[in-house]
Amino acid sequence: MARLAFRTGLRWKVSLAIACVGALIATSLSLVVHNAARASMLDNSRDVMDDRVQAAQRFYESTRRLLFQAKIDDPDLPEQLKEEAARGLRATYLQDNGSGAPEVWASVPVSNGRVLSVHGQFQDRFAVLDELDRVLVVGSLAVVLGGVALGVLIGDQLSRRLRKAAAAARKVAEGDGDIRVRDQIGGRVRDETDELAGAIDSMADALRQRLEAERRVTADIAHELRTPVTGLLTAAELLPPGRPTELVRDRAQAMRTLVEDVLEVARLDGFAERAELEDIALGEFVARRVRMVAPEARISVVRDAYVTTDPRRLERIIGNLLANAAKHGKPPFEVTVEGRMIRVRDHGTGFPEELLKEGPSRFRTGASDRAGKGHGLGLTIAQGQARVLGARLTFRNAEPTAEGAEGAVAVLWLPDSAPTNTGSFPIIHVPD
């Protein structure tokens, strides 16, 4: 049986902790007060009965009559009092059953070896103790409820600040470099959450600087390689025809393509790219471009749509998706246009789990069965270009059948409206 995981908010945890502590303190104090009051009443009852038995003794010895409903040689007299009287001592005895008013006895020996005794119950006094218990219960409940309310207030403030910090941290993770977690949580109270926010801001700044430095280094290296690679490619064209010349030209061209891809990734990482928008008929545009780069692919236009987008960047995305399918998948390759959605599918082994979980990553080709060659830049560039278009690019594997995997599926969702000149992206409505 699967274990159920319950998630509780910080405010309720704080409230529960304060309520438990308040209940423990209130219960302890109530028990102390109750026991102290009961002990005091019992001692006072003994003193009263002792005074009564002495007065009854004096009255009996002078008048031979009984006072305070006293009795001589009472058969119900407790054995302890009989023993004390036999030694000639005056004594009191308490019959306490733990609930209600106890019976209090007092005895004293009189002439002729007889024993005079009185006993009774102080119902009125112990009724006060019951009332005290009710007051203590009400007070304890008030303390617990007050602790819960106080815990909710304190926990809610702390929880709200932590939620704001988490939301700001997510925006930082999504690439919003202007967000400062400490500014987002705000508030007059300075506590550990401010230290946490400051640490997150410092970490984000350090990470941003490191990534920017890496991006600049990568771009600089690629830019510096551009000229010698171009010279190498030009020199390869001057070599005499033959198999060695073809190998040199092929490797030089591959190096040139890699340098251009690295430069493109660096530009996309800098968030400085802007789309050059045009109105196009999506179905016709995709069909024409697919026939150019992958004539063997199957094209299906389920529903056409007119979109405002950057044709060059859209062509780049489609070309990279088809190139990835041709390199790592198996035919037949299928391209489907349905409204603003473009789906590219192959029938190979599917995307590796790392890509499905974390998305495309440069210079990581994934599992050897699908992406054991290449530099991992094609899908990275496609995703970056989709971001410039304000689009969403998703990756999944088709449902497997009895014969095995049914291939990889990449879906590009174009937005309902084009990205603005300021680089902000519209909301993309993705159907279930």
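**Exercise 1. Helix 11 and its surroundings**

Work out why helix 11 counts as largely enclosed by the rest of the structure.

*Solution.* Start with the cut-off: a residue is buried when its relative accessible area is under 20%. In this predicted model, the residues of helix 11 that pass this test are Leu379, Thr380, Ile381, Ala382, Gly384, Gln385, Ala386 and Val388. That makes eight of its eleven residues, so helix 11 is largely enclosed by the rest of the structure. For the wider background, 34% of the protein's 432 residues count as buried. Finally, look just past the end of helix 11: there Gly390 has a positive phi of about 75°.

**Exercise 2. Reading the sheet**

Find the order of the strands in the open five-stranded sheet, and say which strands form its edges.

*Solution.* Step across the sheet and you meet the strands in the order 6-8-9-11-10, with mixed pairing. The edges are strand 6 (298-303) and strand 10 (392-397), since each of them pairs on one side only. Neighbouring strands here are turned against each other by 15° on average, ignoring direction.

Now zoom in on one pair. Strand 9, residues 341-345, runs antiparallel to strand 11, residues 408-413, and five bridges join them. One residue to look up is Arg343, whose bridge partner in strand 11 is Val411.

**Exercise 3. Helices on the sheet**

Which strands do helix 8 and helix 11 touch as they pack on the sheet?

*Solution.* Take helix 8 (residues 311-328) to begin with: it touches strand 8 (334-338), strand 9, strand 10 and strand 11. The direction of helix 8 makes about 20° with that of strand 9. Then return to helix 11, residues 378-388, which touches strand 10 and strand 11. Its direction makes about 140° with that of strand 10.

**Exercise 4. A space inside**

How many cavities of 30 Å³ or more does the structure hold, and which residues lie closest to the centre of the largest cavity?

*Solution.* The structure has one cavity of 30 Å³ or more. The largest cavity has a volume of about 60 Å³. Twelve residues line it, and those closest to its centre are Leu321, Ala325, Val344, Phe351 and Ala410. To place the lining among the elements you have already met, note that helix 8, strand 9 and strand 11 each contribute at least two residues to it.

**Exercise 5. The whole protein**

How many helices and strands does the protein have, and what is its accessible surface?

*Solution.* Count eleven helices and eleven strands. The accessible surface is about 26100 Å², and carbon and sulfur atoms account for 55% of it.

Note on methods
Residues numbered from 1 in each chain as written. Predicted model: local features only at pLDDT ≥ 70, side-chain atom pairs only at ≥ 80, totals over all residues. Heavy atoms only, no water. Pairing = 2+ DSSP bridges. Helix = DSSP H or I, 4+ residues; strand = E, 2+ residues; numbered from the N terminus. Axes fitted to C-alpha atoms, helices over the stretch in contact; angles between N-to-C directions. Contact = heavy atoms within 4.5 Å. Buried < 20%, exposed > 50% of the residue type's maximum accessible area, 1.4 Å probe, protein only. Areas by Shrake-Rupley, 256 points an atom, 1.4 Å probe, with all protein chains shown as cover. 1 Å grid on protein atoms, 1.4 Å probe; cavity = no way out; pocket = protein on both sides within 12 Å on 5 of 7 lines; lining within 4 Å. Points joined across faces, edges and corners; volume = space filled by probe spheres on them.
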